Structure formats: C-alpha cells, structure tokens
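Got your viewer open? Follow along, selecting a few residues at each stop.

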Amino acid sequence: AARDRSDAPTLVKALQECARDHFFPYIADDPALLVALVRTSSEARQLVATKLSRLVCPLSDELLFERNYLCFLSANLVELDVSQAEDRLGRLTGAGIAVLAHRCKNLRRFSARNCVGARDAAAAIAASCEHLEELDLSVAPGVHVGEHQGVTDASVRLLAHQCRHLKVLKLGNAPALTDASLKAIGARCTKLTTLRLEHCPTVGR
C-alpha cells in the first residue's frame, strides 16, 4: 500500500504529460482515462476543456452533472457520440441532451441513439446547435418508443428551420413522424445528402 501511495504522484505526472503532447488523442478515446486525468488537478481539467474536440461516451443524466464529466463539454467539441446500448433505451434523457447542446454549441456531428425523450432532445439541439452537419437521434429496431418519447413532426420542423447545414440526418424508429417531416426537411435542409427514416410506419403513406 505504501508503494502504491508513493507511485501515485509519478503516475499523475505521467498522465498529465501524455495529455500535453501527441498522446492526447489516445486519452481522448478512453472515457476512463479522461476522468482519471481531470481528477488530477484544475490545470488538467482546463487542458481537457481546451484540447478535447471529440468525445465518445454513453453518458447518463447522472454522469452529466458530475464535475469530472461537465468539464469535457465545451464549445471546443465538434463531435459528440453519447449513444446508448443497442438493445434498450439508455439513461440519457431529453433534459440531459439539452445540457449537452447548450454547452457544446459548435458541434458538427452529434449521435444520441437510443436516448429517452428524442422529441425534447431534438428541440434542444435545434435551439443551440445551428452548425450541425450530422445528427443521429434514431432508436434501434425492436426497442419500444413511448408515445411521448420519439421525434415528432414538430421537433423535425424545428431542426429543419434551425440546423440548415445538415448533411446527414437519422431518425429511425420514430412512429409519430409523417410526411410533414419530409416536406419540412426538403424545404429547409438543402445540403442534406443522407436521410434515414427506417421503421417510421406513417412516413410515405
């Protein structure tokens, strides 16, 4: 135990030095390493907030409000993937995504598959992330989407109106969507090259 304590400062220093140089992208790909890094000092938290441009981590609402995770979320992020497990809805809700969108206003790519409350998430993203080029709010086939959880025509209209730079939009398994969404997307999202609406039973009828 004594040896572990004596080695701890050395390990902390090594981790901080790795973050300052070309090893940072490798640390950025591992949420556990990122958390270990930001726990070392306020300087490390500032370093992460400044250098981190991409984050892939299945966040939950609870984790979002921990200081160690909030420091990852800044205007420097351009790519964020908080997608949940493929077989069920996760613990990240529309309220959590609203926090993400508000803190990360310069996102270009945002993936939040299988998140609860995609309807509210879409509205929050539309309000904050006007530079988005790629957005995935789809739910995996076979995962039940509650009546008030999925993306709706109203939320798609908001996205189409505010996020005019969208090139890729994925909204699969959204039973409330209709052809009205297609019309809104077609009228506003003139840069769109990919639109995926699988398992949306009332689209195209």
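A residue is called buried here when its relative accessible area is under 20%, and exposed when that area is over 50%. Keep in mind that you're looking at a predicted model.

**Stop 1: helix 9**

Select residues 153-162, which make up helix 9. Now color Asp153, Ser155, Val156, Leu159 and Ala160: these are the buried residues of helix 9. They sit on the same side of helix 9, because they cover an arc of only 160° around the axis. An α-helix has 3.6 residues a turn, so residues three or four places apart point the same way. What should you show next to see what covers that buried side of helix 9? The cover includes helix 8, strand 4 (134-136) and helix 10 (179-188).

**Stop 2: helix 7**

Move on to residues 94-103, helix 7. Pick out its buried residues, Gly94, Gly96, Ile97, Leu100 and Ala101. Their arc around the axis is only 155°, which means that they lie on the same side of helix 7. Now spin the view and select Ala95 and His102: these two are exposed, on the other side of helix 7. Go back to the buried residues and turn on their neighbors. They pack against helix 5 (61-64), strand 2 (79-81), strand 3 (109-111) and helix 8 (118-128).

**Stop 3: the largest pocket**

Next, select Val56, Glu79, Leu80, Asp81, Arg109, Phe110, Ser111, Glu134, Leu135, Asp136, Val168 and Lys170, the lining of the largest pocket. This pocket holds about 170 Å³ of space. Which strands each supply at least two residues of the lining? Strand 2, strand 3, strand 4 and strand 5 do. Try coloring the lining by residue type: you should get six charged, five nonpolar and one polar.

**Stop 4: the cavity**

The structure also holds one cavity of 30 Å³ or more, and the largest cavity has about 30 Å³ of space in it. To find it, select Ala118, Leu137, Ser138, Val139, Val145, Gly150, Val151, Leu171, Gly172, Asn173 and Ala174, which line the largest cavity. Color these by type too: seven are nonpolar, four are polar and none is charged.

**Stop 5: two asparagines**

Stay with Asn173, one of the residues in that cavity lining. Asn173 is in the loop between strand 5 (168-170) and helix 10. Check its backbone: Asn173 has a positive phi of about 60°, although it is not a glycine. Most residues other than glycine have a negative phi. Is Asn173 buried or exposed? Asn173 counts as buried, because its relative accessibility is 13%.

Now jump to Asn114, in the loop between strand 3 and helix 8. The phi of Asn114 is positive as well, near 60°. Asn114 is buried too, with a relative accessibility of 0%.

**Stop 6: the cysteines**

Last, look for disulfides. How many disulfides does the count come to? The count is zero. Select Cys163 together with Cys129 and look at their sulfur atoms. Cys163 is in no disulfide, and the nearest cysteine sulfur, that of Cys129, is 6.9 Å away. A disulfide here needs two cysteine sulfur atoms within 2.5 Å, so this pair doesn't qualify. Cys163 is buried, with a relative accessible area of 0%. Finish by selecting Cys200, which is also buried, at 7%.

Methods:
Residues numbered from 1 in each chain as written. Predicted model: local features only at pLDDT ≥ 70, side-chain atom pairs only at ≥ 80, totals over all residues. Heavy atoms only, no water. 1 Å grid on protein atoms, 1.4 Å probe; cavity = no way out; pocket = protein on both sides within 12 Å on 5 of 7 lines; lining within 4 Å. Points joined across faces, edges and corners; volume = space filled by probe spheres on them. Nonpolar A, V, L, I, M, F, W, Y, C, P; charged D, E, K, R; others polar. Buried < 20%, exposed > 50% of the residue type's maximum accessible area, 1.4 Å probe, protein only. Helix = DSSP H or I, 4+ residues; strand = E, 2+ residues; numbered from the N terminus. Arc of directions from axis to C-beta. Contact = heavy atoms within 4.5 Å.
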